[in-house]
Amino acid sequence: MNEIAVENTSDLYAVRVQKLEEMRSSGFDPFRANWDQKHTSAEAIGLYKRDEDQTEVSVAGRIVIFRDMGKACFLKLLDRDGLIQLYVKKDEVGESAYLDFKKWDIGDIMGASGPLFKTKTGEVTVRTQKIGLLSKSLRSLPEKWHGLVDEEQRLRQRYLDLITNQESRNRMIMRTKILQEIRQFLWSRDFREVETPMLQNVAGGAAARPFVTHMNALDCDFVMRISLELYLKRMLVGGFDRVFELGRVFRNEGLSRRHNPEFTMLEVYQAYSDFRGMMDLMRDMVHHICEKVIGSYQVTRPDGVVIDLSGNWREATYKDLIIEATKDPQWFSRSKEEKLKRCSELGIQVDPNLEDFAVTNDVFEKCIEPTLIQPTFVTHIPKELCPLAKLNQTDSSVLDVFELCINGQEIAPAYSEQNDPFIQREMFEKQVGDEKQEMDTDFLHALEYGMPPAGGMGVGIDRLTILLTGASNIRDTILFPTLKAN
RNA sequence: GCCUAGCUAGCUCAAUCGGUAGAGCAGUUGACUCUUAAUCAAUUGGUUCGGGGUUCGAGUCCCCGGCUGGGUACCA
């Protein structure tokens, strides 16, 4: 017996344990029972044409509604497809089976078989002839009408949330479908899915604080990965010239509506492509998901705002957006002091100790990003913001990259990947000077063997799921979000 | 990290000025062989998140702690 059971023993619990004991002493163990489930609820309902057909089905699931009318009962079973109604009548199942059955509870898992019919009120129902108890539930489920609303319990006991809240169940199903369709899409474009280490010596590819852990066998510390980038680029060096990984990364930073310490990242690398190729790939991928999973190119946020993902998406350079927001065509030739002055005129709070480029980026993050609700590729960001991308050939102050913003947040950055080992080292050294990220010298060594020119892209799957499911919080898209021990 | 709100029966929620902690669902017992939050009758169930304090008396007021929500900061 588990700890929760011992701690929270209640009368309700005791009653059900007693029912279980009685079953066992009469020679029946519900946990050893089995059932030949031939149909899901949806499949069964789909088979119905007319009452006269007497279409036989065999279903199984959890009892979520139990309406007892004496010598007949209506109940509803929940299975992976949803709900199906059963009509269990004494005359149909026999007296002794019926008496046993009446002791079953909401929450129990059972099987039922018999012909389909339609009730007076038009609901396709199983006229149950054979029933079996498959697992006894010892705890009462949350209330049927309101479901589980306590946010903490919904997260800590997600299984209860999934049983009671259809919305929650649907959102999680949608997430699995999104993952499946991403794989389908990339496989169809000849990308290979690979797995690279989560335990690393150097956490590279992003500027984030890593989780540190210790390995006993080697008696040394490891860090949990914060991105997939540097290992996937090693794969490019190794000749896997279309490659992706879909996996968890870990960042030891704050939690918020948009941040969970572990989250799912997709990174894609395509040799002989560049950031423009990634634009097409990203748009095609999202369109594919819209078609296969959402069934629409428009998604509606909880507040009613509609985001249109169809067609081509807006493209704007970082510089143009900044100039538009500051209404200052000369912004990029102003001194830092002039920029700060303009910021205060615009009512933007900016830390005066920031470096010049960071002041500008603050303007972007505070004034521009939140306004980019419809999909927008923001291109050519300043070179200081990323050490891993190629400089633009006509304007060496900016990078050949885009950041895709939708719903007021960054969904996916993509680069023309830096493959010059000298420039790469130089960029890293600058970053290290700013204590931004540790240098992965083994990665630099790999680059020296030659990495093909490539486009690369990273997609925050959780944020994409927020967008596509209309969720308002990252925790609504993660089955078991990070929580403090209770 | 900071600000703010919440925590009462298994679940969803009440409880006036500090004065016997209530209801619905679930449970138990009974009635009902087409119900839809089924209905009807009766009924069980409480360490009010934990600890301390003020008071004749605390769910309610004060202090400390825990967990959670919302906001904010950090986060390429």
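**Figure 1. Helix 9 lies across four strands of a sheet in this predicted model.** Helix 9, made of residues 229–237, crosses strand 11, strand 12 (262–271), strand 18 (409–416) and strand 19 (454–460). Its direction is at about 25° to that of strand 12. Another helix, helix 11 (residues 318–326), also packs on the sheet. Helix 11 touches strand 15 and strand 16 (376–379), and makes an angle of about 80° with strand 15.

**Figure 2. Eight strands form an open sheet with mixed pairing.** The strands follow the order 7-11-12-19-18-17-16-15. At the edges are strand 7 (192–193) and strand 15 (314–317), each of which pairs on one side only. Strand 7 runs parallel to strand 11 (residues 242–250), and two bridges join them. Across this pairing, Glu193 stands opposite Phe244 of strand 11.

**Figure 3. Strands 8, 10 and 9 form an open sheet with antiparallel pairing.** This sheet has three strands, in the order 8-10-9. Strand 8 (199–200) and strand 9 are its edge strands, and each pairs on one side only. Strand 8 is joined to strand 10 by two bridges, and the two run antiparallel. Leu199 stands opposite Met224, a residue of strand 10.

**Figure 4. Strand 9 and strand 10 form a hairpin.** Strand 9 covers residues 212–215 and strand 10 covers residues 220–224. The two strands run antiparallel and are joined by four bridges. One partner pair is Val212 with Val223, the latter in strand 10. Four residues lie between the strands, and in the turn Asp219 has a positive phi of about 45°.

**Figure 5. Helix 8 and helix 10 cross at an oblique angle.** Helix 8 spans residues 166–188 and helix 10 spans residues 275–294. Their axes come within 9 Å and cross at roughly 130°, and the two helices are therefore oblique to each other. The crossing of helix 8 past helix 10 is right-handed. On the side of helix 8, the contact is made by Met174, Lys177, Ile178, Glu181, Ile182, Gln184, Phe185 and Leu186. From helix 10 come Leu281, Asp284, Met285, His288, Ile289, Lys292, Val293 and Ile294. By class, the residues of this contact are 10 nonpolar, two polar and four charged.

**Figure 6. Helix 12 packs with helix 13.** Helix 12 is formed by residues 336–346 and helix 13 by residues 356–368. The angle between them is about 20°, and their axes are 10 Å apart. Helix 12 is therefore roughly parallel to helix 13, since angles under 35 degrees count as roughly parallel. Helix 12 passes helix 13 in a left-handed crossing. Helix 12 contributes Lys336, Lys339, Leu340 and Cys343, which meet Asp356, Val359, Thr360 and Val363 in helix 13. The contact holds four nonpolar, one polar and three charged residues.

**Figure 7. Chain A is assigned domain 1 and domain 2.** Domain 1 takes in residues 11–140 according to the domain assignment. For domain 2 the assignment gives two stretches of chain A, 164–313 and 374–476. Taken over C-alpha atoms, the centres of domain 1 and domain 2 are separated by 47 Å.

Key:
Residues are numbered from 1 along each chain as its sequence is written. Chains are lettered from A and ligands numbered from 1 in the order in which they are written. This is a predicted model: local features need pLDDT of at least 70, side-chain atom pairs count only at pLDDT 80 or more; totals for chains, interfaces and linings use all residues. Side-chain values use heavy atoms; hydrogens and water are left out. Two strands pair if DSSP finds at least two bridges between them. Contact means heavy atoms within 4.5 Å. Axes are lines fitted to C-alpha atoms, for helices over the stretch in contact, and angles run from 0 to 180 degrees between N-to-C directions. Domain bounds come from an automatic or database domain assignment. Angles under 35 degrees count as roughly parallel, over 145 as roughly antiparallel, 65 to 115 as roughly perpendicular and the rest as oblique. A crossing is left-handed if the near helix is turned anticlockwise from the far one by less than a right angle, and right-handed if clockwise. Ala, Val, Leu, Ile, Met, Phe, Trp, Tyr, Cys and Pro count as nonpolar, Asp, Glu, Lys and Arg as charged, and the others, Gly among them, as polar.
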